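Trainee: Pick one part of this structure and take me through it closely. I'd like the geometry, the surroundings and the contacts in one go.

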Amino acid sequence: MTARPSTSASAPADRSPSRAPGPDAAFPPLTAAIVLSALGAVAAAAAPVLGVTAPAEPAAFTSWPLLGLLAALSAVAALVARSRGRVALAAGILIPPALLAPGRAAIDLQLLDEASLAARPELLLPHSLNVLAAGPGLIALLAGHAISVVAGVFAARSLARAGDGGEPKYGLFAFTLCVGVLVSVGLTAAPFRSTDPYLRPTAVLDAPPWVMVGVLLIAVAVPVSAALAISSAEPEAARGGLVGLVLAVLGLVVPPIASATVSDQFFITWGPLVVLGGAAVLAVLAVPAGRGREAAVGGDDVELPGQERLQMVAGVLAVLSGLASIAGALLATVDVPPDLPSLVNYPARMLLPAGLALLVLGLTMAVRGLASTLRPALAVAWAGVVFAAAIALDVVVGAVGVAGVEVGSGTWALIAAVALALGAGAAAGLAGGVERDEVDLSEPIRNDALFGPVGLAVALCAAAYVVPVLSAPDFIAPGLLSPLRISSWGVLVAMLTVVAASALSLFCRPRRAAALLLGAAFVVGLRAAELPLTMQRVEGAAVASGMWFAVGGFVVLLIAAGIALSRKEKATG
């Protein structure tokens, strides 16, 4: 990896791992990716011309040149990079549009289900409530997204051939991920306001089904794309990934801005402005992301960043998630008109203990003596925020169905808390993987003394999430046996995390096993706390059997953690 001086005139080109000796001969997948991306742009431009509905409804303005240009930006940028021999840069540009394509396809499928609810003035402007069938333009849109995915696959193949040119920029990871989350929050807001009675844009939680699914997929794909780009070991690929993400985001946010500009019936909201601001920051971050590391003094190879840096990233994200969770618990999650009774989102109270725990664990990641010991607990505790936020969001989704009720600021804090918690858990898990690579594992670790209590705890905890902890007449508690709702996914995430952490503790060193079990105990304890914290939401609330399973699992996990701590830890090399 170390660059060595050379007097040859071609030395700079030879030292750059992101430059290919022959653009087409050495990397044919990249050429295919660029051609496919260009075809996808043609399909995007053809959609409004062909008509996305039958009978065809005209768009609010002549949008095909704009849509074609936005879709072609990635292909043009990749073509320019490839023509200069910068293969990794070109490939990195084409990968983010592929990651966002499934979400965009889901949004477009709303045109097939009920086109009048799509709120896509760049594609159609309804003039009545008549049911519209899908037109040939919809096929062009879906084909374009499919082509983008295939182009991304070819680009990834060419990037793999380009080789490894440096080390990941983990120093920028936390900030880049936070900016990605900020962009996602902006994308989940209503893109514009409308006075047109036949076109009513909505935020994600009040959106029609396919739009909600698509926006949520995109909201996850944006920070994931940012994280994948900034963590790339190839500097040019990292820069290309961020540039490609910016171009893909522009393709999402520019059409509603253009619609609001050309029509006096549409008015831009804060969402697209936040997205543009975040995209600008990502574009700036692409500059340091594309810089290679200097060679170490003495010609030694540069080592990959250790677990301390990853633990610090996890700590920063955990602190931010904890603060967002507390804000979500204290702020109003819905805005209710004065003529309606006020709504108390009792489940949001669960975010206080969940957020405080993540906040404290995040702060301990800055303490050298505690970070490594408590990091496994953080790798589990993030699920508590997801669990609590999902139950609170269930109330919000039900409330916004009432006329006049709108999403409040607390809801956006909940969404941000979930995204940040996922990032904290991923960073903590990655730090654990790095730590295991540095430990002598020539002798397999197996905690035989924990098999009995952990097996019992797993059974109790699984039952605690399957069976409700609260029962009341005419009340369907969130759980896995009730109809699937947002809260059901939170319950599932919490259960799987607790079970996986408990099982993993059987093969960890004693202190790490104890931390995992304590984290699992906290998450299942939060399930038990659901009853006292939220029972005021329904009349006649009573304890259900899930409560006793949760308390039993909590106690057994604490006992197992004590057993793990009592065992002597073998010295590691």
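Mentor: Start with the yardstick: a helix's expected span is 1.5 Å times one less than its number of residues, and helices here are DSSP runs of H or I, at least four residues, numbered from the N terminus. Bear in mind that this is a predicted model, where local features need pLDDT of at least 70 and side-chain atom pairs pLDDT 80 or more, while totals for chains, interfaces and linings use all residues. Numbering runs from 1 along each chain as its sequence is written, and side-chain values use heavy atoms, leaving out hydrogens and water.

Now α10, residues 235-262: its 28 residues should span 40 Å, and the end C-alpha atoms are indeed 40 Å apart. There's still a bend of about 30° at Val253 (the angle between axes fitted to the seven residues ending there and the seven starting there), with Pro255 following within four residues. As for surroundings, 21 of the 28 residues are buried (under 20% relative accessible area, 1.4 Å probe, protein chains only), so the rest of the structure largely encloses α10.

At the N-terminal end, Glu234 acts as the cap, putting a side-chain oxygen 3.1 Å from the backbone nitrogen of Glu236. Glu236 is itself buried, at 8% relative accessible area, and its side chain forms a salt bridge with that of Arg86 at 2.6 Å, N to O (the cut-off is a Lys or Arg side-chain nitrogen within 4 Å of an Asp or Glu carboxyl oxygen). Arg86 sits in the loop between α4 (64-83) and α5 (87-108), so this pair ties α10 to a part 150 residues away in sequence. The whole structure has four salt bridges.

Key:
Helices (H or I, at least four residues) and strands (E, at least two) are DSSP runs, numbered from the N terminus. Buried means under 20% relative accessible area, exposed over 50%, partly exposed in between (1.4 Å probe, protein chains only). A polar contact is a pair of N or O atoms within 3.5 Å; within protein, one must be able to donate a hydrogen and the other to accept it, and residues adjacent in sequence count only if both atoms are side-chain atoms.
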